[in-house]
Amino acid sequence: MKKSTVLLVCSATQVFAHPGMDRVLAEIQARDDFVIGARSGTLLGDLLSGVLTAVGQAIKDILQLGTGAIDPGNGGSYKPPGQLGSSACNSDPLCVWYYVANQMWGDFADASGCTDMGRGAIRQGFHDAAAWDVNSAYGGADGSLLLSNELSRSDNRGLEEIGALTKTYYNTYHPYGAGMADIIQLGAIVGTVACPGGPRIRAFSGRKDDSRAAPTGKLPVPSMDAPTLIDLFSKKTFTASDLVALVGAHTAAKQRFVDPSRANSPLDTDPQIWDASFYSETLTGNNKTFFILHSDKALATYSSTKGQWNSFAGSSGQSLWSPVSVIFPYDKLLCSY
Ligand code: HEM
């Protein structure tokens, strides 16, 4: 996987060409076991207004699987106009992000795929963004995970090292305009692409940082059963189908604190790559060669999620991720200004 495939960003909205994406989408829409309508298209905040900026329209399209979701553009051709800190770089809003992404790539990818830091970055993006629901007055993808004391919460155990590394990115790039919330979310995207097979996800910048600690009790824990997880995620505007797709991130995961006696056990056989075998392995694994979270097993076998789980576990499971841009709905509140 080439470094040049990674990039960016809100003010100009770049992403990656995906040959055949329209065909893949058509195939998925034709499947009756993957109900595209079951994916949330819920809009929030100023996306509900009739007047949208180009970025707002792009985000709306992605959320509702419109044109913008099918045609992601080609961010791989971007070349920075100058060194970090040069006046040419300072006057191009994409430039600083090129340098951030490049440094992340060095930390998140190695010859075999994604590293511990890459996997940590994916989880970190989720934990900053998901500390929010529709009843929250604040929270979400606002950088508070690292700008407040949230890392000391038990929910966030295991994020200490990636949190410390991300703070060094912030210290380096914030003087050039990079905010913490955007750095964290870009890290999740770079981490995902660093795992071979990981979907390319359009990245946006422009979130507003907030140093207030996010509301508690919004993150899932592995002892939860399926109905509780579905309810928790529905309050974040995700459907049960969205949840099954998102939790596939555990294809690139290790556990350390659920069972410390098995610390560093992966959640599937190959945590360095992003493949759909996580789904079949969760269904059939014996919880010995790799670690199966109770919550994952619950989603794999529950009446309203097992159909979708089986679709991912099937032979075309990998392709189901490709056209799905995983955007946390509250990002659009912070980005479409
Ligand atoms: C059903 C809801 C979820 C539950 C209960 C859950 C729970 C967990 C737990 C307990 C761990 C192991 C932490 C440790 O002991 O070090 C973990 C790891 C991880 N989770 Fe989740 N998670 C959920 C959803 C998600 C989602 C939606 C994402 C991303 C979009 C995600 C990404 C990750 C990643 C990448 C890791 C591996 C981190 C590493 O290897 O350092 N999880 N999760």
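**Exercise 1. Describe the shell around the ligand by residue class, and state which parts of the chain supply it.**

Solution. In this predicted model, the shell around the ligand divides by class into 14 nonpolar, 3 polar and 4 charged residues. The next step is to place these residues in the fold: 21 residues surround the ligand, and the closest are His-250, Ala-253, Lys-254, Arg-256 and Phe-257. At the level of domains, at least three residues of the shell come from each of domain 1 (3-218 + 325-335) and domain 2 (226-320). At the level of elements, helix 6 gives the largest share of the shell, with 4 residues.

**Exercise 2. Determine which protein atom serves as donor to the iron atom of the ligand, and where its residue sits in the chain.**

Solution. Begin with the metal: the iron atom of the ligand has a single donor from the protein, which is NE2 of His-250 at 2.1 Å. Then locate the residue, since the position of His-250 in the sequence falls in the loop between helix 11 and strand 3. A polar side-chain atom of His-250 also lies 2.9 Å from a nitrogen atom of the ligand.

**Exercise 3. Identify the backbone atoms of Arg-256 and Phe-257 that approach oxygen atoms of the ligand, and give the distances.**

Solution. For Arg-256, a polar backbone atom is 2.8 Å from an oxygen atom of the ligand. For Phe-257, a backbone N or O atom lies 2.7 Å from an oxygen atom of the ligand. To set these contacts in context, the elements that contribute two or more residues to the shell are helix 6 (116-129), helix 11 (240-247) and strand 3 (254-255).

**Exercise 4. Decide whether Cys-195 is buried or exposed, and trace its surroundings.**

Solution. Cys-195 is found in the loop between helix 9 (180-194) and helix 10 (226-234). Because its relative accessibility is 0%, Cys-195 counts as buried, the cut-off for that class being under 20%. Once neighbours within four places in sequence are set aside, Cys-195 is in contact with Cys-114, Ile-122, Ala-252, Gln-272, Ile-273 and Trp-274. With Gln-272, which is 77 residues apart from Cys-195 along the chain, the C-alpha separation is 5.8 Å.

**Exercise 5. Characterise the protein chain as a whole by its elements, its burial and the sequence range of its contacts.**

Solution. Counting elements gives 15 helices and 4 strands in the protein chain. Turning to burial, 55% of the 337 residues in the protein chain are buried. Finally, when contacts between residues at least 6 apart in sequence are considered, 71% of them join residues at least 24 apart.

Terms used
Residues are numbered from 1 along each chain as its sequence is written. This is a predicted model: local features need pLDDT of at least 70, side-chain atom pairs count only at pLDDT 80 or more; totals for chains, interfaces and linings use all residues. Side-chain values use heavy atoms; hydrogens and water are left out. A residue is near a molecule or strand if one of its heavy atoms lies within 4 Å of it. A polar contact is a pair of N or O atoms within 3.5 Å; within protein, one must be able to donate a hydrogen and the other to accept it, and residues adjacent in sequence count only if both atoms are side-chain atoms. Ala, Val, Leu, Ile, Met, Phe, Trp, Tyr, Cys and Pro count as nonpolar, Asp, Glu, Lys and Arg as charged, and the others, Gly among them, as polar. Domain bounds come from an automatic or database domain assignment. Donors are N, O and S atoms within 2.8 Å of the metal (3.2 Å for Na, K and Ca); water is not among the atoms, so sites may look incomplete. Buried means under 20% relative accessible area, exposed over 50%, partly exposed in between (1.4 Å probe, protein chains only). Contact means heavy atoms within 4.5 Å.
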